[in-house]
Amino acid sequence: MKKELIELRVNGRRREVAIPPNKLLLDVLREDLDLTGSKRGCDDSSCGACTVQVNGVPVLACTVLAASVSGDEHEVLTIEGITQHGALDAIQKAYGDWGGAQCGYCTPGFLMTVKALLAANPEPTEEEVRRALSSNLCRCTGYTQMYEAVKAAIEAEQKGMAAAK
Ligand code: FES
Ligand code: FES
């Protein structure tokens with residue numbers, strides 16, 4: 001299939017790629033941009049391992065054509081984009097502290113889902129956190145540890161804000 005040059009904004013950078021028009025965002029990220037944090041777990045929209053954010057909204061990169069999110073009006077954020085200057089993000093740290101990951105295959109997708117939730121709603125209820133977590137699948141970590149990690153990240157954030165006042 002003929003390739004077309006498209007421009008994507010990914011993790012704050014403009015990236016040009018020449019791809020067939022039917023290439024999925026997940027494959028472009030992994031194969032063309034070497035951003036392999038987002039994973040393919042199912043291919044039928046059920047696992048969430050491929051979750052990235054587009055304009056702050058979690059999307060399944062295995063269901064999105066890369067060309068449909070090209071141009072400056074779309075900002076794609078992947079797990080590689082949440083680590084700033086090599087420092088762990090609060091939720092990444094909490095996942096480590098609370099055993100929120102075992103094999104880690106699902107973890108990037110979970111983190112992108114949770115970060116979108118907290119950006120939209122910094123003080124979610126337990127039910128809202130559990131509902132967000134339920135949109136992704138994990139086969140080896142207990143969801144309770146993930147819930148505790150999210151709760152710890154929220155508390156750490158609140159303490160940080162109180163200390164800054
Ligand atoms: S690989 Fe995208 S939802 Fe499973
Ligand atoms: S930590 Fe292994 S699949 Fe979730």
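Asp 34 counts as exposed, because just 8 C-beta neighbours fall inside 10 Å, where a residue with 12 or fewer is classed as exposed. In this predicted model, Asp 34 sits in the loop that links helix H1 (25–32) to strand S3 (51–54), and its phi is positive, at about 60 degrees, although the residue is not a glycine. The points below take up a second residue with a positive phi, then the chain as a whole, and then the packing around helix H5.

**Backbone and exposure in the loops**

- Most residues other than glycine have a negative phi.
- Asn 11 has a positive phi of about 50 degrees and, like Asp 34, is not a glycine.
- The position of Asn 11 is in the loop between strand S1 (4–10) and strand S2 (13–19).
- Asn 11 is classed as partly exposed, because 19 other C-beta atoms lie within 10 Å of its own, whereas 20 or more would make a residue buried.

**The chain as a whole**

- The protein chain contains five helices and five strands, and, read from the N terminus, its elements follow the order β-β-α-β-β-β-α-α-α-α.
- The radius of gyration of the protein chain is 16 Å, which is close to the 15 Å given by the globule rule for 165 residues, so the chain is as compact as a globular protein of that length.
- Measured out along its principal axes, the C-alpha trace of the protein chain spans about 55 × 40 × 25 Å.
- Buried residues account for 35% of the 165 residues in the protein chain.
- Of the contacts in the protein chain that join residues at least 6 apart in sequence, 61% are between residues at least 24 apart.

**Helix H4 against helix H5**

- Helix H4 (residues 126–133) packs with helix H5 (residues 143–164) at an angle of about 125 degrees, and their axes are 10 Å apart.
- H4 is therefore oblique to H5, since an angle from 115 up to 145 degrees is neither roughly perpendicular nor roughly antiparallel.
- The crossing in which H4 passes H5 is right-handed, and the contact is formed by Val 129, Arg 130 and Leu 133 from H4 together with Tyr 143, Met 146, Tyr 147 and Val 150 from H5.
- By residue class, the contact of H4 with H5 consists of six nonpolar residues, no polar ones and one charged residue.

**Helix H2 against helix H5**

- The axes of helix H2 (residues 90–97) and H5 come within 8 Å of each other and cross at roughly 130 degrees, so that H2 and H5 are oblique to each other.
- H2 passes H5 in a right-handed crossing, with Ala 90, Ile 91, Ala 94, Tyr 95 and Asp 97 of H2 meeting Ala 149, Val 150, Ala 152, Ala 153, Ala 156 and Glu 157 of H5.
- The residues of the contact of H2 with H5 comprise nine nonpolar, no polar and two charged.

**Met 146 within helix H5**

- Met 146, which is found in helix H5, counts as buried because 27 C-beta neighbours lie inside 10 Å.
- Leaving aside residues up to four places away in sequence, Met 146 touches Gly 100, Phe 110, Leu 133 and Thr 141, and Leu 133 is also one of the H4 residues in the contact with H5.
- The C-alpha atoms of Met 146 and Ala 162 are separated by 24 Å, the two residues being 16 apart along the chain.

Technical notes: Residues numbered from 1 in each chain as written. Chains lettered and ligands numbered in written order. Predicted model: local features only at pLDDT ≥ 70, side-chain atom pairs only at ≥ 80, totals over all residues. Axes fitted to C-alpha atoms, helices over the stretch in contact; angles between N-to-C directions. Helix = DSSP H or I, 4+ residues; strand = E, 2+ residues; numbered from the N terminus. Parallel < 35°, antiparallel > 145°, perpendicular 65-115°, else oblique. Left-handed = near helix turned anticlockwise from the far one by under 90°. Contact = placed C-beta atoms within 7 Å. Nonpolar A, V, L, I, M, F, W, Y, C, P; charged D, E, K, R; others polar. Rg over C-alpha atoms; globule rule 2.2 N^0.38 Å.
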